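Please walk me through this protein chain, from its overall layout down to single residues. I would like to see how one part leads to the next.

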Amino acid sequence: MSETYDFLFKFLVIGSAGTGKSCLLHQFIENKFKQDSNHTIGVEFGSRVVNVGGKTVKLQIWDTAGQERFRSVTRSYYRGAAGALLVYDITSRETYNALSNWLTDARTLASPNIVIILCGNKKDLDADREVTFLEASRFAQENELMFLETSALTGENVEEGFLKCARTILNKIDSGELDPERMGSGVRPRLNLSPQAHVDRTPPTVLQFSSRCFWCV
Ligand SMILES: Nc1nc2c(ncn2[C@@H]2O[C@H](COP(=O)(O)OP(=O)(O)OP(=O)(O)O)[C@@H](O)[C@H]2O)c(=O)[nH]1
């Protein structure tokens with residue numbers, strides 16, 4: 001018997017190299033810390049079905065490489081994303097300073113209405129902190145972003161980050177602000193899932209320089 005989900009959301013994980021994007025995705029999908037994480041080459045992909053506000057939502061998550069040399073490849077995956085985790089490392093001011101550029105890319109290449117949650121990752125390394133919670137929350141407020149500090153290592157706030165973003169998108173659909181039928185909305189309503197839908201967790205997969213995703217055509 002096939003099952004259905006209410007919505008399919010396209011998500012991005014973006015931010016500078018080494019901020020912990022792949023580890024956040026891995027923690028969200030596999031529920032454990034990814035040991036020996038290497039730089040992402042191009043993009044990786046993972047998915048998980050979640051229940052948010054009484055709705056079943058499949059999140060299709062594209063984890064992009066942070067290194068500059070992959071920028072042209074990763075940019076081609078932005079189009080049609082409904083939500084994004086914008087990640088910096090609380091122990092690296094350099095990654096925080098780069099946020100404006102990432103934000104511009106997301107709003108230009110994905111959609112001006114993309115729902116973005118700012119994640120200050122490596123919260124467990126508080127002793128090495130270079131960015132305060134207060135300044136990052138101000139940045140978030142000024143740029144209309146949600147904000148959380150996360151730790152892919154301990155799992156703190158990781159689930160919350162993805163779910164908060166999904167919940168906000170659902171609220172926009174409910175209020176009529178986001179039309180899921182519109183091309184490029186990053187949302188697809190009611191599609192059939194495989195029979196194992198209730199446990200569907202696609203582990204992160206490396207998609208090196210693959211052709212464009214189906215959302216982008
Ligand atoms: N202490 C701590 N280390 C982390 C955390 N998240 C990631 N790391 C470490 O940070 C390094 C980079 O993590 P990745 O997930 O590969 O970073 P990335 O952002 O995907 O990097 P790129 O693929 O190059 O863009 C690795 O050594 C991880 O072990 C965290 O929450 N806490």
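Helices and strands are here taken as DSSP runs, a strand having at least two residues and a helix at least four, and they are numbered from the N terminus. With that in hand, one can say that I14 lies in strand β1. The model is a predicted one, which should be kept in mind throughout the reading.

Let us begin with the whole chain. The protein chain holds six helices and eight strands, and, read from the N terminus on, these elements follow one another in the order β-α-β-β-α-β-α-α-β-α-β-α-β-β. Of the 217 residues in the protein chain, 43% are buried. If we take the contacts between residues at least 6 apart in sequence, 76% of them join residues at least 24 apart.

The interior can be approached through the largest nonpolar core, which has 56 residues, and in which F9, L12, L24, A84, L86, A106 and I169 touch the most other members. Strand β1, residues 3-15, gives the largest share of this core, namely eight residues. One of the residues just named, I169, is in contact with F9, A82, G83, V115, L178 and V187, when its neighbours within four places in sequence are left aside.

We can now return to I14 in strand β1. A residue is called buried if 20 or more other C-beta atoms lie within 10 Å of its own, and I14 has 27 such neighbours, so I14 counts as buried. Leaving aside the neighbours within four places in sequence, I14 is in contact with T64, A84, L86, W102 and A106. Sequence separation and distance in space can be set side by side here, for I14 and E30 are 16 residues apart along the chain, while their C-alpha atoms are separated by 19 Å.

Next comes helix α1, which covers residues 21-30. How many of the ten residues of α1 are buried? Eight of them are, and therefore α1 is largely enclosed by the rest of the structure. The buried residues of α1 are K21, S22, C23, L24, L25, H26, Q27 and F28. Among these, L24 was also named above as one of the core residues that touch the most other members.

Helix α1 meets helix α6, which covers residues 158-175, and the axes of the two helices come within 9 Å and cross at roughly 85°. Because an angle of 65 to 115 degrees counts as roughly perpendicular, α1 is described as roughly perpendicular to α6. By class, the contact of α1 with α6 has four nonpolar, one polar and one charged residues. On the α1 side the residues are L24, Q27 and F28, and they meet V158, E159 and F162 in α6.

Helix α1 also matters for reading the surroundings of the ligand, since it contributes three residues, the largest share of the shell. In total 20 residues surround the ligand, and the closest are G20, S22, S37, T40 and G66. Sorted by class, this shell has six nonpolar, eleven polar and three charged residues.

After α1 the chain passes into a loop that leads to β2, residues 43-52, and N31 is found in this loop. N31 is not a glycine, and yet its phi is positive, at about 65°. With 11 C-beta neighbours inside 10 Å, N31 counts as exposed. D36 is found in the loop between α1 and β2 as well, and D36, which is not a glycine either, has a positive phi of about 55°. D36 has 4 other C-beta atoms within 10 Å, so D36 is exposed.

A loop residue may also be buried, as I90 shows: I90 is found in the loop between β4, residues 83-89, and α3, residues 93-97, and I90 is buried because 26 other C-beta atoms lie within 10 Å. Its contacts, apart from neighbours within four places in sequence, are G120, N121, K122, K123, L125, R129, V131 and E149. I90 and F9 are 81 residues apart in sequence and, from C-alpha to C-alpha, 28 Å apart in space.

Finally, is helix α5 largely enclosed or largely in the open? Of its ten residues, 133-142, the number buried is one, so α5 lies largely in the open. Just after α5, E144 takes a positive phi of about 55°.

Key: Residues are numbered from 1 along each chain as its sequence is written. This is a predicted model: local features need pLDDT of at least 70, side-chain atom pairs count only at pLDDT 80 or more; totals for chains, interfaces and linings use all residues. A residue is buried if 20 or more other C-beta atoms lie within 10 Å of its own, exposed if 12 or fewer, and partly exposed in between; C-beta atoms are placed from the backbone. A residue is near a molecule or strand if its C-beta atom, placed from the backbone, lies within 6 Å of it. Ala, Val, Leu, Ile, Met, Phe, Trp, Tyr, Cys and Pro count as nonpolar, Asp, Glu, Lys and Arg as charged, and the others, Gly among them, as polar. A nonpolar core is a set of buried Ala, Val, Leu, Ile, Met, Phe, Trp, Tyr and Cys residues joined through C-beta atoms within 7 Å. Two residues are in contact if their C-beta atoms, placed from the backbone, lie within 7 Å. Axes are lines fitted to C-alpha atoms, for helices over the stretch in contact, and angles run from 0 to 180 degrees between N-to-C directions. Angles under 35 degrees count as roughly parallel, over 145 as roughly antiparallel, 65 to 115 as roughly perpendicular and the rest as oblique.
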